[in-house]
Every structure is written in structure tokens, then in C-alpha cells.
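Subject: Structure handover

Hello,

Here is the structure we talked about. Please load it and keep it open while you read the notes below.

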Amino acid sequence: MKITLQEISKTFGGNDIFSNFSLDVDCGVRLCLCGPNGTGKSTLLRLLAGVEAPDGGRVILPKNCRLGYVEQELSGETLDTPLLTYVLDVLHDWSEFWTQWEQAIDHNDRTTLTLLMARQTELETTYGYNPEHRAKTVLSGLGFAEAKWQYPLGSLSGGWRERAKLARVLTAGADVLLLDEPTNHLDMEAVEWLESFLLNFTGCLVFVAHDRQFMDMVGTHVLYLGLSHPVFRKSSYTNFLALQEEYAMQREREARALQDEINRKMAFVERFRAKASKARQAGSHQKMAKKLEKEMEGLRPEAKRRELTFIWPQAPHSERVVLAAADMAFHFQDGKQLWPPLTFTLYRGARVALVGSNGSGKSTLLKLLAGKLERCGGNIVTASQMRLGYYTQHQMETLRPENTVLTEIRRLSDPRSTEEELMSVLGLFLLGQEYLDRQTHTLSGGEKSRLVLASLFLKRCNALLLDEPTNHLDLESREALVSALQKFAGTLLMVAHDRWLLSQVGVEVWEMGMGGLTPHAGFAEYDMARSMRRAGTQDNFDKSGTPTIRAALTDKKPHAPLSRDEQKRLKRLQADKRNALHKELKPLQRRYAALEENLSRVLAEQEQVESLLANPEIYADHSRATFLLAQFKHSRSAGESLLEEMAALEARIAAIKAAEADV
């Protein structure tokens, strides 16, 4: 089974998104569509789903294949449907089958029973033995508490409705699964559950995502859009970037060699074209130069992947203690309390990420610190020089709808901001020249969110409270945001579920739960704590669990000591894991060394051929030049294959070494 795109063309707004593009996606392939916004990723998904038709060419799906695609809108009638009923509606109704079964038994109809047994096998193969159990498993994995299963969809927030639509598609099962930003609105645990689900998916998966770690974990192939032509590679996204960089350097070397050869031939032509004895040879050189110029067309520099940069405007210096909370308490009007009174201190330059399951109170805490909610007890003290910037997606209502984007960014930013700074930040958040004169009420929800975030970066704040800042940002903008936060010299407290962001910004992690705040030295430690909890190795730990784990791993005196048997079991598990990783690592390292040796040989051969081709006398020998050019192309192709395999091995070796370091 496979998906076939046969010379498809699609134009949007006068721009050719696809032109005579062909591709086969085989069963078992998990294809990651990536590239800047507006390059056709979601359009391609709609073409595959049959929601849109190509302007030319064909999309060919296997006959009778089950297609999974998340619907865009929910009807008013659907909003009254209970969540579990909505998810189960996509499954086959077994009631009719069992009615027929009971009737056949009552009438002792063996012929019908034989047919129904075959039908049962077919249904179980397609929908599973217990489809209701499957639906409940998917709902739990995506973070729906059992108490919410009977809630009507209309009572859920927009983010939870998106989860419900995803749950319905995953429960239905599919041969071809098309997912557009499936990690949006999911917390970390739900994203990891989805990763596990998709890694076990055996059909064709085509997905769009901006979560870099999710892309690397799930994708087996990459289709990158936005360059001069779509680029398809068997690779993870991170390896794809490395390969593209290496290919670009290789193309540049080849282009230089060809240009040098063209220059030599044209110099020969200019020197000898007037001599009768050399006229024929000069004409031959000119023809070869034209042939090489055509070859140069294919080596023109590829448009580079967009890289965005940003420099922070100078902010005022603050005191050492930026913010301190003492016994800060909060409960809702119905008396519901998310956590006990909190006491903590944020020092100048601190970088803290608040993590925890949805509904644990992370955004509520940020609202309290930003003064958007009133605390029910305790105190909050802030530095006199603190200049606070607070970002949440719900701040879109602060925008004035009739103002243009440029007017709003000027109004919301520090008045000392220069035009260069304004343009730089607007570009960072994908609001370039074409947006400047647009009124804000014409912007999409994502564009409004990006405008608010852009204005925050220009307020010259020395303390930031950010609530899910990467939502609605494409991959390049997320990378630019990471770079900006790495350079931010002030104090940062953010709520984030993006694991790549957390691992790159170098934050301390505060885990929020019923017991309050549990600190972790960094994202790696927090990730290890979660892994151990999932593995069930902390049955007798304290309520939060983490301090005891950290003590056990660092050989410090634990807050609640492990028993001798538990310590032995933990050490044995760690030793077994280290041994298994070591056994897995050795053959990969040997294979990598062999590939490295082969690559050195191929590059040496390529260099030798290049030097021979650079010799005018050898190049004048047409048969030998043809042979050397073929040899050069062969060695170039061999080098590409070796680099591709080495990049994949590098990723596997790095992953194993990282796992070893965490044990």
C-alpha cells in the first residue's frame, strides 16, 4: 500500500505552490512535512485528504483504504454530543452484529453463524476486539480525565475540542493518517503518549508539526518545502539540516571547480581562435565550455533556509531579588484549591520553567504574579526596578482593532524603540512588510498572538512571564525565539510544554502539582524523574517523588532514604541499562569508523579526479575527460550516500550516549 502524487500542480494567490510534483509514500513511512509558513504544508495535507483538488495531476490512494484526517469545524449539533459518544461514533456499531448472532443461535442457523464468524474476524481486524476500550485508552492518553468523558463538546475549551477531534481520528484507526499540528494544545505527557502511539502505527503517516523533538522522534522521512523545489530525504529533521548543509558545501565546491574549468577553456578559446591551426581545437573547447555552463545551472546556490536574528534592547538593571512570594494562597470562588500556599524567590537572571499537567495551576500562578488575579492570602514582594513583561494568548483583546500593525507595535513598545528594532522584531514573528498597513482586526488568531509577543520584546523588560510563547510560531520563529531567550539577560519565568525549548534555554524546572512546587536542577533531571515515575521505580517515595530520586541518582543523603533492597534493585537496573546501551553502541561506532575511512578514500579519489580535470591537456582528450567526469559523478554520489548513513549513525550514537549519561 502506498500514496502516489502524480505530477500535481497547485496555485494559490497567483503563486505556484506545487508544479508537476511527484512522490510515492510507502506503507510504514512517517513523512514529516516542514518548511516556513505559507509553503504549502497544510495544502498538501488537504490534497491528500481530498478536501481540495489539485489544479493538475492526480492524488492516488489505495482502493478502500481508511483515511484519517481531523475535521476543521464542529457543527452545532455535534457540540451537544457527549465526548465519549462523539469519539465512539466513528466505530462500527456492534449491536446489529450481536442481534444477528443471537437470532442465528436461537434458530440453530449454522450457515449464518459461519458467515458471522468470518464477519466478526473481519470487524475485529479492522476496529479492534474492544473498540470502546480503545477509545477510552486514547482519551486517557490525550489527557482527558474520566470525569470529562460525559461532558458535551460544547462545554470544552477550544484546545480541548481540538484534542477531542484528534482522539476521534486515532480511535477510528486508519491506513493513511494525516495530522496537521497534532501537538498543539497537548501537554508534555500527552505529546509523549502520541509519539508512542504513532511509533506503533503501521500505515502511511503524513504530518505537519513545529515541535522539533516530536518531528525527530516520529518522522522517518522529511519533505521540506520552501526551497526552489521540494526536497525529500530519508532522515530525521535534525539530520536533514546537517545533510543539507553538507550538500550545500559540496555543491559550492563542485561549482567552483566547474567555473575554474570554464574559465580555462574560455581563456584557450580567446587565445587561439584567431589561429587557423588551432581554430578547430578552440571551437571544441568552446562547445565543452557551453556544456559545462549548462551543468553549472544545476549547481546554482539553493535558497538558504531562513534564519532569524534578534538583539535585545537595553533594559534597566534590577535588584538581586526580583520577586519573592511568602505563603501565597489562592482558591477559586467555589473553594477549589489547586495547591497549598507557595513560598519561593526569583533572583536576578534566573530562568525557570513551570511544568505540570494541564489544570495544575501553572497559568493561574503567572496571573497572580502579573497582578491579573488577586491572591487569597500571603504576600508578594517585587523589586522597585523590576520592569515586568507578561505574555498570554488571551492578551489579544488588548489590541485596538482599527489600528494597523505598525501603529500597534509602536503604541505597545517602548517609545525609545528604533525603526530598525521594530522591523527586526516584526520579522522575527513573521509580520513582515506586507503586514505593516493591515488593520489588526483582519489578522488571524495566530498573527494577533505573534503581534502581542513581538510588542512584549520591545518594552525593554528585565523580567518576563511567558505563558506558552511558542504556540502559533513556525519552526524558524521558534528557533529564533530560543536564540532570543538564550541572550536575554533578565529574569525569566515561563510555562512551556516544548521540550526542545526547555532543553535549549537552560532553565531550572519547577514541577507544579497538588503538593506545590518541586524544583529540578534542569530539564534533563526533570525528564529523568518522569521516566523513573513511568517505570514504577519510586513506589515508596515522598508525595512529590523528585527529591528522593535526585538523591538516589547523585549519591547524596536522601530526604526519605531508600531501603537496602530498593537501593540494590535501583543499582542493578542502572547497571543492566548501561550494559545494554554499551552493547548497542559498540557495533555502531565500528560501523561509523568504517564509513569514515571509506569517505576519506572517496574524497581523496574525488580530489584526484578534480586535479586531473583541471589539466587542460587531459581535458582536451575527450574520451578521457568523459571517463573522468563519470568517475567524478560516481564518487560524488558515493560520498553523498556515505554522509547520509553517517549522519543517521551519528544521531543514534548521540542518543545512546545521552541515555548512558542519564543512567
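The notes cover a sheet with its helix, then a pair of helices.

Please bear in mind that this is a predicted model.

The sheet first. It is open and has three strands, in the order 2-1-4. The pairing is antiparallel. Strand 2 (15–26) and strand 4 (56–60) are the edge strands, and each pairs on one side only. From one strand to the next, the twist averages 20 degrees.

Look next at strand 1 and strand 4. Strand 1 covers residues 2–12, and four bridges join it to strand 4. The two strands run antiparallel. To find your way there, start at Thr4, which stands opposite Ile60 in strand 4.

A helix also sits on this sheet. Helix 1 (residues 41–49) packs on it and touches strand 1, strand 2 and strand 4. The direction of helix 1 makes about 125 degrees with that of strand 1.

Now the helix pair. Helix 13 spans residues 405–412, and helix 15 spans residues 445–457. They pack at an angle of about 35 degrees. Their axes are 8 Å apart. The crossing of helix 13 past helix 15 is right-handed.

Which residues meet there? Helix 13 brings Val405, Glu408, Ile409 and Leu412. Helix 15 brings Leu451, Ala454 and Ser455. By type, the residues of this contact divide into five nonpolar, one polar and one charged.

Over to you.

Best regards

Notes
Residues numbered from 1 in each chain as written. Predicted model: local features only at pLDDT ≥ 70, side-chain atom pairs only at ≥ 80, totals over all residues. Heavy atoms only, no water. Pairing = 2+ DSSP bridges. Axes fitted to C-alpha atoms, helices over the stretch in contact; angles between N-to-C directions. Contact = heavy atoms within 4.5 Å. Left-handed = near helix turned anticlockwise from the far one by under 90°. Nonpolar A, V, L, I, M, F, W, Y, C, P; charged D, E, K, R; others polar.
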